[in-house]
Amino acid sequence: MTKTRRGPIRAAVPLIPAAALAALAVLVTGCGADADRDGDGRPESAGRAALAADAGTGATPDKARIAENVKSALEVRISTGEGRFGSGTHSPCASSSPKVFTEECGEAADYTREAARFALDEIDGRSGFATLGTTARKLDKGAATYRDLGCARNPAAADARKACLDPAAVVAQGFSDLRDGANLGLAGK
């Protein structure tokens, strides 16, 4: 009996399906280098893009697909924000954070507000997103209040600092609340 040597091509054959699967995952999730960007440095609206593609084909996307598209598009922003600013007690806006009255919390408030407005734009005119809508409006208002009160400029007055704590807490919890709202949107709530 003679032994045959496995050539480099035959050895690589099992890797081809894995590579194809990885490439498909990149295409489906939009994880390419520029797939999540629309030119202004912020993640692109994957949900809006998918809905536009459905509209171009004349297909009517069902509520579950719309909810999944919204959740996926919003998750990109949430994950980016959490990676940059943290969330909950790890946020610079957490009431226990020494950064709650700094521009770092102000930037987190601005980014979180953008994510909330993005969510509102995505669900505008669509049913089944009551929780996400309520959450995004509350977050939009909280982040605006934080900025309007001048909280990022380290107010000296005790009453001003106290007034900043509630909107800062809303911002600190914002990414988690948006994610929960998007998840409930999958259930039509």
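Student: What makes Glu 107 partly exposed?
Tutor: This is a predicted model, and in it Glu 107 has a relative accessible area of 35%. Buried would need under 20% and exposed over 50%, so Glu 107 falls in between and counts as partly exposed.

Student: Why does Arg 84 count as exposed?
Tutor: Its relative accessibility is 54%. The cut-off for exposed is over 50%, so Arg 84 makes it.

Student: How do you know that the side chains of Arg 84 and Glu 107 meet in a salt bridge?
Tutor: Check the N to O distance, which is 3.7 Å. A side-chain nitrogen of Arg has to be within 4 Å of a carboxyl oxygen of Glu, so this pair qualifies. Arg 84 is in helix H4 (residues 63-85) and Glu 107 in helix H5 (residues 103-123), so the pair links distant parts of the chain, 23 residues apart.

Student: Why is Asp 140 called buried?
Tutor: Its relative accessible area is 17%. Buried means under 20%, so Asp 140 is in that class.

Student: What makes Asp 140 and Arg 113 a salt bridge?
Tutor: They come to 2.5 Å, N to O, and the limit is within 4 Å, so the label fits. Asp 140 sits in helix H6 (residues 130-148) and Arg 113 in helix H5, 27 residues apart. Arg 113 has a relative accessible area of 26%, so it is partly exposed by the 20% and 50% cut-offs.

Student: How do you know that Asp 140 forms a salt bridge with Arg 117?
Tutor: The closest N and O atoms are 3.1 Å apart, which is within 4 Å, so they count. This pair also ties helix H6 to helix H5, across 23 residues in sequence. Arg 117, at 41% relative accessibility, is partly exposed.

Student: Why is the aromatic pair of Phe 85 and Tyr 111 called tilted?
Tutor: The centres are 6.0 Å apart, within the 6.5 Å limit, so the rings pair. The planes are 50° apart; stacked needs under 30 degrees and edge-to-face over 60, so tilted is what remains. Both residues are buried, and together with Phe 175 they form one aromatic cluster.

Student: What makes Arg 77 lie over the face of Phe 118?
Tutor: Arg 77 is 4.1 Å from the ring centre, and the distance limit is within 6 Å, so that part of the test is met. The charged end of Arg 161 likewise sits over the ring of Phe 101, at 3.9 Å from its centre.

Notes:
Residues are numbered from 1 along each chain as its sequence is written. This is a predicted model: local features need pLDDT of at least 70, side-chain atom pairs count only at pLDDT 80 or more; totals for chains, interfaces and linings use all residues. Side-chain values use heavy atoms; hydrogens and water are left out. Helices (H or I, at least four residues) and strands (E, at least two) are DSSP runs, numbered from the N terminus. Buried means under 20% relative accessible area, exposed over 50%, partly exposed in between (1.4 Å probe, protein chains only). A charge sits over a ring if NZ of Lys or CZ of Arg is within 6 Å of the ring centre and within 35 degrees of the ring normal.
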